[in-house]
Amino acid sequence: RAPDGPPIPEFMWCQRSDRVYLTIKVADCMDASIDVSADSELKFSGHGHGARGTRDYALNIRLAGGVIAEDSRWFVCGPSVRVRLEKANPGPYWDSLLPRGEKLPQCKVDWQSWIDEDEETEVSAAPNGFEVNDMQMQMVGESIEFYRDRERLSSSEEEGEETDSIMMDQGLNSMDQLSDKFKALEIEKEARKRSKAERRQLRERTLDAQSAAAQRERDLRYNRPARELTAEELDLIQGAPTLRARLKAQKAAESRYWLSRPHHQMRPKQDDVEKAAEAARKAAKDALAQRVQAMAQVGVDALLGDENRKLTRHAIREAALEAAYVEVGYKDAAPVVAHEVAAAAA
C-alpha cells in the first residue's frame, strides 16, 4: 500500500497449464479497472466492500511469469472481481504467483480451485466461478515445451473427456428412442476408452524412448557398451516436442465428433420434424418451378449443364432450409434437423 493510498485487497490465485486465475475479494465492486503491462505488472483499482470495509482498494503486483494481456479477461461478480490471465508460455506450472522472494500477506492460494498438474484435464480447465464466455468479460489492459519436465509425460493421465449422459429429445421420448441413445452412449464410452489407452501408451513409449536415449548417452560417456536406438525410438524422440499439442488436437476432434452425435443432441418434437419436412418439400418444389421459369425467360435451361444444375440445386436447398427453420426453430439440434430435411427435400 502507498503511504496515503487505498489498501490492498485480499486475493486468491490458482492456475492451469495455460492460464492463471485471480479472485480479488472486493464485493459489489464499482468503477473496477484491471490493467496488465508488457512487463507482467498487474494493476487493479475499484470501490467495494473488502477486508477494510467499504472503500477504494488498489493492487499493484509483478507476476512470476509472462502473460498475454490482449488474450486475458476479467469480470465483476457479486462477491469478487475475477481475472483470467493467459500465460505467454503454457506448460509447467509457475512456482508462485509473485516473483521469487516477493510475498504479500493478502495473497493466498485458492486451494479449493487448485488442480495439480498430474490431475489437470481439459474438462476441468476452468475453476468454479470462471465459467463465463468471453462476451461477458472485459479485456485486460489497453494496450515450453511439454517435455521440459519429464514427469509431465503422465500429467494428463486422467483425461475425463466422456459425457456420462444423453440429451433427451423434445416432447415424449419412447423407450426405444431412449434405449438407442443409451446404446450409442455405451459405444462412445468404449471408443473413448480405447483412444485414451492409445494416447497413454504413446506417452509411455515416448518416455521409454527418451530414457533409452539418456542411458545410451551415459554408456557412451563412460565407455560402456551402448545399445543402438531403434527406428521407432528415434521417431518417438523426434515427435516428443509436439506430442502434447497433437494429443490435445486429437482429443478435441474426438470430443467434437461425439458431441455432434444424436444421443448428445436435443432434437425437435417428431410432429415438428414432419411439418418441417412437408414445408421443405413444398418450398423446394416451388423454388424449382420459379428457377426454371426465370431461367427460361432469358433463354437458359436451368437443368442443362453442370453449372446450371449446381445453381438450381443451391436455390432449391436454400428455400427448403428456410422453410424447415420456420417449423423447428434454431435451438439445440434443430439446425441439424433443418439441414437434414432440407437436403432430403432438395
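In the predicted model, the side chains of T312 and R291 are joined by a polar contact of 3.4 Å. T312 belongs to helix α4, which spans residues 306-328. With a relative accessible area of 2%, T312 is buried, because the limit for that class is set at under 20%. Apart from neighbours within four places in sequence, the residues in contact with T312 are L288, R291, A302 and L303. R291 thus appears both in the polar contact and among the contacts of T312.

Helix α3 comprises residues 270-297 and holds both D286 and K282. These two residues form a salt bridge in which the closest N and O atoms are 3.0 Å apart. They are separated by four residues, about one turn of the helix. An α-helix has 3.6 residues a turn, so residues three or four places apart point the same way. The two partners differ in accessibility class: D286 is partly exposed, at 32% relative accessible area, whereas K282 is exposed, at 55%.

Across the whole structure, eleven salt bridges are found. Among them is the pair R19 and E86, with the closest N and O atoms 2.9 Å apart. R19 is located in strand β2 and E86 in strand β7 (residues 81-87), so this salt bridge ties together parts that are 67 residues apart in sequence. R19 counts as partly exposed at 23% relative accessibility, while E86 counts as buried at 15%. A further salt bridge brings together the side chains of R62 and E102, at 2.3 Å from N to O. This pair also links distant parts of the chain, since R62 lies in strand β5 (residues 53-62) and E102 in the loop between β7 and β8, 40 residues apart. Both residues are classed as partly exposed, R62 with a relative accessible area of 43% and E102 with 32%. Side chains of opposite charge can pair when their charged atoms come close.

Strand β1 (residues 11-15) is mostly covered, with four of its five residues buried. This strand pairs with strand β2 (residues 19-24) in the antiparallel sense, over five bridges. C14 of the pairing faces Y21 in β2, the two residues standing opposite each other. Three residues lie between β1 and β2, and the two strands form a hairpin. β1 also pairs with strand β8 (residues 107-109), here in the parallel sense and over three bridges. In this second pairing, M12 stands opposite K108.

Positive phi values in residues other than glycine occur at D31 and S40. For D31, phi is near 55 degrees, and the residue is placed in strand β3, residues 27-36. For S40, phi is near 60 degrees, and the residue is placed in the loop between β3 and β4 (41-50). The surroundings of the two contrast: D31 is exposed, with a relative accessible area of 69%, but S40 is buried, with 9%.

Helix α2 (residues 231-259) bends by about 65 degrees at P241. Buried residues of α2 include G239, A240, L243 and R244. Others in the buried set are E233, L236, L247, K251, E254, S255 and W258. The buried residues of this helix pack against α1 (175-221).

Terms used: Residues are numbered from 1 along each chain as its sequence is written. This is a predicted model: local features need pLDDT of at least 70, side-chain atom pairs count only at pLDDT 80 or more; totals for chains, interfaces and linings use all residues. Side-chain values use heavy atoms; hydrogens and water are left out. Buried means under 20% relative accessible area, exposed over 50%, partly exposed in between (1.4 Å probe, protein chains only). Two strands pair if DSSP finds at least two bridges between them. A polar contact is a pair of N or O atoms within 3.5 Å; within protein, one must be able to donate a hydrogen and the other to accept it, and residues adjacent in sequence count only if both atoms are side-chain atoms. Contact means heavy atoms within 4.5 Å. The bend at a residue is the angle between axes fitted to the seven residues ending there and the seven starting there. A salt bridge is a side-chain nitrogen of Lys or Arg within 4 Å of a carboxyl oxygen of Asp or Glu.
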